[in-house]
There are 2 protein chains.
Amino acid sequence: MVDVARRADVSPSTVSLFLRRPEAVSPRASDAVQAAIRELNYVPNMMAGGLAAAGSSVVGVIVPSVRNAFFAETVAALQRELGQARLQIMLGHTEYDQAVETELVRTALSWAPAALVIAGTEHGKTTRQLLEAARVPVVQVWELGGEAPIDMAVGFHHYEVGAAAARHLAARGRRRLVFFSGRANDDKRAAQRAAGFLAAGREMGLAVQHLSHPAPATTELGGILFARMLKEFEGAEGVGIGCSNDLLALGAIFEAQRRQVAIPAQYAIIGFGDLEFAASCNPALSTIKPFGDLIGSEAARLIIKSLADGEAREHPSIDTGFGLVHRQTS
Amino acid sequence: MVDVARRADVSPSTVSLFLRRPEAVSPRASDAVQAAIRELNYVPNMMAGGLAAAGSSVVGVIVPSVRNAFFAETVAALQRELGQARLQIMLGHTEYDQAVETELVRTALSWAPAALVIAGTEHGKTTRQLLEAARVPVVQVWELGGEAPIDMAVGFHHYEVGAAAARHLAARGRRRLVFFSGRANDDKRAAQRAAGFLAAGREMGLAVQHLSHPAPATTELGGILFARMLKEFEGAEGVGIGCSNDLLALGAIFEAQRRQVAIPAQYAIIGFGDLEFAASCNPALSTIKPFGDLIGSEAARLIIKSLADGEAREHPSIDTGFGLVHRQTS
DNA sequence: TTGAAAGCGCTAACAA
DNA sequence: TTGTTAGCGCTTTCAA
C-alpha cells in the first residue's frame, strides 16, 4: 500500500480510504490511486486489514458435509449472496461429528469472522458456549425447533416434514406406513423427520414402522431397505413408504423395478429433498421440497442486515417451510 | 495472548512459542499456559498471527461448483487431509465464469494463503498471471494436458476418458456412436471428453455424432437428449451412447424405460463419474470412474510436502487415471 | 479532502 | 528455555 501511495503521489491513508470509501476521495487522487493499483498489480492484505479493523470479511460456514446435495445448495447460495457484500466463505465439514464441530467453531472464531453460519440447532455444550460468547451474528440453518436459537435461525421443522409425508400417504389411501432412514445414529434432522412421520401415522390410527440403518442414506441403502421391507411385508397391500431423502427413494424405485413390484400400485413412495432427478424419475418421484437455496440466501440477507444494523439488530427466526410435490410414485 | 501470559506468569512470547511448538517449552510453563488458555477461553487471532508470520494457514480452493458431486468429493477430501496439518479451506465457486474465477483468485491471494487449489488447467490470462506471480504452492486439479501446469497438477486426461468410452462401446459391438453433453459452452473438461470420444470413434471407422446442449448436464437433460436421439436415429441398431456424466446417463435410462426401449439391447450406455447411484441403477450403469477423493488427498499431500520442503520443492504432475466400470448398460 | 501517527495481536530474531 | 524488541500491512482517529 505504501508503494501504491508513493506511485500515486498521495499518502498511504488516502489509498486506504480509496479502497474502502472511494467516493470520499477527490477524482484526481482517485484516478492516480487506481492507476497505481493497476500498474503494481496490488492485492490488499486482508490479514493486515482485518487486524487493524478488528474483524474480518470472512463468514465461517459449518455444515455436516458438502457431499450432501442439500448443504451444497445452501453453501452455493451463501457464497453467491455474501459475495455481493464482499464477504468470503470459510468452509468446514463436521462429517456429523460433534467434536469436529467444536474444533471448527474454534477455528472459525480465530479468524475473527464477520459472521458464522452453522447447520442445525443442536450442538455440543462447548460449541454452544463458544457461539454464545462470539460477538458476531450467528445463523443456525436447516432446522427450526428443538433448542432455542443462539442468535438467528433460518430453516424449517423436520418433524412437520415427516408428518406431512405420512398424511399424504394416508390421503392416498395407504393404511400401513413405513419410514426408511439412514445415518440412524447421527443425523438429527433425519431423526426428526422419522419421528414426525411415525407420530402422525399413529395419530391417524395406521400401522407404522421404522426401517433404519447406520449407513449414510444412499441409493444403495434405499434398495437394501426396500428388499428388507418386502420380506417383512410379504403380501401386504396399501403400503406407503416415506423416505428420509430422495436417494433412498430412488434406490427403492430401482429395487422395485428389479423385483417387478408395481409403484405406486403396490407400494407408494414419497421422498424428501426434491433432488434434480426426482422430476425425471420413472415413475416420477413424489417428494417434499425443502428450499435449500432460499435458506442460503435468507441467511446471507440476515447476516448483511445484522452487520449494517450493529448493536441494535434483531434476532429473527425464519421459517422457510417446505412444499409437497405430488408426482407419480404416490 | 498478553492476558494468558500474565495469568500463566510467563512472557507473551512463551505463550506464542507454546502455541506453535509446545515441545520447546518447559513442562512447568507448558502446564501454566495450558491452564490459563482454558480458564480464559483464549482463541488465538489468526489475522495477527498470519500478519506477523507473513503467511496464513488458509488454503484457497476454487472450483466451478460444489453442487457438482465431483468437486464436492474432492473438496471433502482436501478438508479432511489439510485439516490434519491445521490448514483451513477457503472456498470459492466460479460457476464456470472466468471473470468470477479471476476475482476469486485475487481474493484468495489477499488472504496470503499457504497454498491454492484450483480446478482445471485453462484459465483466463489475468488468472494465470496472478497464479504465476503468487509465491505459494498452486495445485491445479481435475485435469491434465492442455496448457502446461503453473506449478503442480493432480488429475487425469479427459480426452482419454472419452476415447476409452468410445472404445468400450465399440468392443461391445456398437457400430454407431453418439455422445451426450451439457454445458456445451463452458465446461472445458466435458468438451475434452466429447472430443476424445468422437476422435476415437472416427479412428475406428464408426459413425459418430455429438448431441449437446448449453444447459447443465442433469438427469432431465439426459432424458431430453435421449428423446432427441430416438427421433434422429429411428430404427437404428447397434447404437452406443457415451454420456458426459452419470446424471445424463440416468436421465437416458429413465427415458428409455418410459419409451420401452431396451437397454442395452437397443442402445448401450456408458456414463462418467461412477456416482453413487450408478451401481444401484436398473440396469446398473456402466461408467468411467474418476478418483475425485484421491485427487483431493493427493493435492493435499503435495501441498503439505511443498510447505515442508520450501524453496527446494519439486513441481510434480500426478496422473490419478480413471477406471472403466463395466456394468449392465453396455 | 488529505496526511501524520498510533496501534491492532501476534511472530521471530536475538540476547540472556 | 525464556524474555525483549521490532515490526508485519493495514485502519482509524485526529488535526490540518
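Two residues count as being in contact here if their C-beta atoms, placed from the backbone, lie within 7 Å. With that in hand, let us walk through the structure, which is a predicted model, starting where its two protein chains meet.

The contact between chain A and chain B takes 44 residues from chain A and 44 residues from chain B. On the chain A side, several elements each supply at least two residues: helix 4, helix 5 (69-84), strand 2 (88-93), helix 6 (98-109), helix 10 (219-232) and helix 11 (246-258). Strand 2 of chain A gives the most to this side, with 6 residues. If you sort the residues of chain A that touch chain B by character, you find 21 nonpolar, 17 polar and 6 charged.

Now step back and look at chain A as a whole. Its 330 residues include 12 helices and 12 strands. Along its principal axes, the C-alpha trace of chain A spans about 85 × 40 × 30 Å. Buried residues make up 54% of the chain. Among the contacts in chain A with a separation of 6 or more, 69% come from residues 24 or more positions apart.

The domain assignment of chain A gives three entries: domain 1 covers 2-44, domain 2 joins 54-156 with 292-321, and domain 3 covers 158-289. Between the centres of domain 1 and domain 3 of chain A, taken over C-alpha atoms, there are 61 Å.

Helix 4 of chain B deserves a visit of its own. Its buried residues include M46(B), M47(B), G50(B) and L51(B). Seen down the axis of this helix, the buried residues fall within an arc of 130 degrees, so they line one face of the helix. What do they pack against? The buried residues of helix 4 of chain B pack against helix 4 of chain A. Just after helix 4 of chain B comes A54(B), with a positive phi near 55 degrees.

Finally, turn to the DNA. DNA strand D is surrounded by 27 residues, of which the closest are M1(A), S16(A), A52(A), S26(B) and A29(B). Both chains have elements that give two or more residues to this surface: helix 2 (12-20) and helix 4 (46-53) of chain A, along with helix 2 (12-20), helix 3 (27-40) and helix 4 (46-53) of chain B. The largest share, 6 residues, comes from helix 2 of chain A. By character, the residues of the surface near DNA strand D divide into 17 nonpolar, 8 polar and 2 charged.

Notes
Residues numbered from 1 in each chain as written. Chains lettered and ligands numbered in written order. Predicted model: local features only at pLDDT ≥ 70, side-chain atom pairs only at ≥ 80, totals over all residues. Helix = DSSP H or I, 4+ residues; strand = E, 2+ residues; numbered from the N terminus. Buried ≥ 20, exposed ≤ 12 C-beta atoms within 10 Å, placed from the backbone. Near = placed C-beta within 6 Å. Nonpolar A, V, L, I, M, F, W, Y, C, P; charged D, E, K, R; others polar. Arc of directions from axis to C-beta. Domains from an automatic or database assignment.
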